[in-house]
Amino acid sequence: MRNPVDLMNPEVVAIKQQEIFKFNALAKSNKNVVNMTVGEPNFSTPSHIKLAAIQAIINDDTRYTVPEGDHALLQAAAGYMNKKYGLNYDPDTEMLVTLGVTEGVFSTLNALLSEGDEVLIPAPCYTIYGPDTDFDHATPIYLDTSKSEFRVLPEQLDQVLQAHPRIKAFLFNYPNNPTGVTYNKVQLEQLAEVLSRYDVFVISDEIYSELTYNSKHYSFAKLLPKQTILLNGVSKSHAMTGWRIGIACGPKEIIEQINKIHELATTAVSTISQAAATEAYKNGFDDPIRMRDEYKKRRDVLLSGLEKLDFYCPIPDGAFYLFAKIPDGMNQDDVFFAKDLLNQEGLAILPGSFFGEGGAGHLRLSYAASMESINSALVKLGDYVKNYSHAIEHNK
């Protein structure tokens with residue numbers, strides 16, 4: 001038999017493994033590394049949520065649910081989103097439980113896109129958006145936001161939509177991974193006014209909605225409900241990344257089509273995870289507050305330390321990332337910088353170029369880590385900068 005890979009789908013073979021996962025695996029291979037790459041809470045899932053999962057197992061609640069998700073979970077999620085964000089979704093027809101937001105993005109794009117379509121993606125961005133679009137024989141159109149403090153400006157948006165009439169969807173993530181930048185109500189209204197003039201779906205990835213620091217999160221779904229597919233979940237809000245629970249919300253006729261892809265891919269999400277998420281949405285309304293307050297303290301310490309080392313960062317108003325510009329006078333190759341920093345100091349942070357256009361020359365640091373790790377990271381980064389400066393002086 002020939003090499004089996006040669007007989008497989010060439011489009012799948014051409015897909016590259018996610019660089020962020022490879023780099024994280026490299027960092028984890030050394031136990032002495034201070035790892036600031038991981039985009040997940042270092043908090044434990046709240047006890048009442050874990051107990052709900054245990055009780056589901058005891059009750060033998062371990063069989064399939066319907067593909068769209070357990071009704072109790074959908075009802076609880078609808079109530080939570082109504083109280084938190086003023087959203088009104090019918091749990092029977094306008095909501096779908098997905099295998100995390102990752103599957104939500106994949107299934108949504110599969111349902112929306114045809115060959116030749118385009119998807120507008122503000123960049124830098126989370127790394128799955130482009131490959132997911134490519135996989136559907138569509139083309140990602142990246143909007144570089146690095147010259148506008150990593151926010152999409154309404155005039156930029158209008159210009160790109162006019163220039164690309166084949167854009168089918170605007171894939172929007174805020175608070176943003178990797179920059180931590182988010183939007184206030186006025187800024188969102190300006191974008192919504194532009195988008196309302198086009199036949200374009202808005203895929204609004206709001207998984208970090210509970211982690212905003214200076215103002216309450218405002219959901220884009222309130223502004224253009226008929227055009228918007230809202231993606232959210234409990235991974236970041238309730239420290240439940242491994243439970244793999246996402247929620248997709250939108251008009252009935254759109255959710256019905258997404259559900260067709262979802263059920264082919266998953267049949268249904270884990271019943272035990274759904275029981276845990278039901279408890280999170282019903283009785284975990286205030287669970288994110290303690291975590292958010294701690295993240296803000298960590299952000300401020302890390303931001304202050306980076307500024308002292310001449311790294312410029314837009315002040316993140318959400319999520320748990322800092323997107324730091326490598327200081328002038330240092331090697332601007334962010335991939336080399338990150339690998340050399342790992343080798344020389346045992347500090348793992350991600351190159352900004354992994355996140356696409358506008359990311360080159362930057363580094364993403366996650367402060368979903370202990371304060372001890374953050375302080376250690378600043379010492380290691382300071383030593384690296386100092387040694388670099390000494391080497392430059394020595395070679396003059």
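This dialogue walks through the cavities, pockets, cores and unusual backbone spots of a predicted model.

Colleague: Let's start inside. How many cavities of 30 Å³ or more does a search of the whole structure find?

Modeller: A cavity is a space where a probe fits but cannot get out. The search finds two of 30 Å³ or more. The largest has a volume of about 110 Å³. Its lining has 15 residues, and Pro122, Pro124, Asn173, Asn176 and Tyr183 are the closest to its centre.

Colleague: Which element gives the largest share of the lining of that largest cavity?

Modeller: Strand S5, residues 167-173, with three residues. By class, the lining of the largest cavity holds ten nonpolar residues, five polar and no charged.

Colleague: And what is the volume of the second largest cavity?

Modeller: About 50 Å³. The residues lining the second largest cavity include Tyr80, Met81 and Tyr85, along with Glu210, Asn232 and Tyr281. Two elements give two or more residues to this lining: helix H4 (71-85) and strand S7 (228-233). H4 gives the largest share, three residues.

Colleague: How do the residues of the second lining divide by class?

Modeller: Five are nonpolar, four polar and one charged.

Colleague: Now the open spaces. How much space lies in the largest pocket?

Modeller: A pocket, unlike a cavity, is an open set of points. The largest pocket holds about 570 Å³ of space. Of its 27 lining residues, Phe21, Gly39, Thr102, Tyr126 and Lys236 are the closest to its centre. Helix H2 (19-28) and helix H5 (100-112) each supply at least two lining residues.

Colleague: How many charged residues are in the lining of the largest pocket?

Modeller: Six. The others in that lining are twelve nonpolar and nine polar residues.

Colleague: Which residues are the closest to the centre of the second largest pocket?

Modeller: Lys16, Gln18, Thr127, Pro131 and Asp134, out of 22 that line it. About 450 Å³ of space lies in this second pocket. Helix H1 (10-14), H2 and helix H6 (129-135) each supply at least two of its lining residues. H6 has the largest share, with four. The classes here are ten nonpolar, seven polar and five charged.

Colleague: On to the cores. Why look for nonpolar side chains in groups?

Modeller: Because in soluble globular proteins, nonpolar side chains tend to be buried together. In this model, the largest nonpolar core has 73 residues. Those with the most contacts inside it are Met36, Tyr295, Leu302, Leu306, Phe311 and Phe337. Helix H13, residues 371-395, gives this core its largest share, six residues.

Colleague: Take one of them. Which residues does phenylalanine 337 touch, leaving out those up to four places away in sequence?

Modeller: Phenylalanine 337 touches Phe311, Ile326, Met330, Asn331, Leu363, Leu381 and Tyr384. Apart from the largest core lies another, of 30 residues. Among its members are Ile49, Met81, Leu230 and Ala280. Met81 also belongs to the lining of the second largest cavity.

Colleague: Now the backbone. Which residues does a cis peptide bond join?

Modeller: Omega is the angle to read. One cis bond joins alanine 123 and proline 124, with omega about 5 degrees. Proline 124 lies in the loop between strand S3 (118-123) and H6. Pro124 was also among the residues closest to the centre of the largest cavity. Another cis bond joins tyrosine 174 and proline 175, where omega is about -15 degrees. Proline 175 sits in the loop between S5 and helix H8 (185-195).

Colleague: Next, phi. What is the phi of histidine 137?

Modeller: Here the sign of phi is the thing to read. Histidine 137 has a positive phi of about 60 degrees, although it is not a glycine. Its place is the loop between H6 and strand S4 (139-144).

Colleague: Why does histidine 137 count as partly exposed?

Modeller: Buried means under 20% relative accessible area, and exposed means over 50%. Histidine 137 is at 41%, so it falls in between.

Colleague: And where is threonine 267 found?

Modeller: In the loop between helix H9 (252-266) and helix H10 (271-283). Threonine 267 has a positive phi too, near 65 degrees, and is a residue other than glycine. Its relative accessible area is 40%, so threonine 267 is partly exposed.

Technical notes:
Residues numbered from 1 in each chain as written. Predicted model: local features only at pLDDT ≥ 70, side-chain atom pairs only at ≥ 80, totals over all residues. Heavy atoms only, no water. 1 Å grid on protein atoms, 1.4 Å probe; cavity = no way out; pocket = protein on both sides within 12 Å on 5 of 7 lines; lining within 4 Å. Points joined across faces, edges and corners; volume = space filled by probe spheres on them. Nonpolar A, V, L, I, M, F, W, Y, C, P; charged D, E, K, R; others polar. Core = buried A, V, L, I, M, F, W, Y, C linked by side-chain atoms within 4.5 Å. Buried < 20%, exposed > 50% of the residue type's maximum accessible area, 1.4 Å probe, protein only. Contact = heavy atoms within 4.5 Å.
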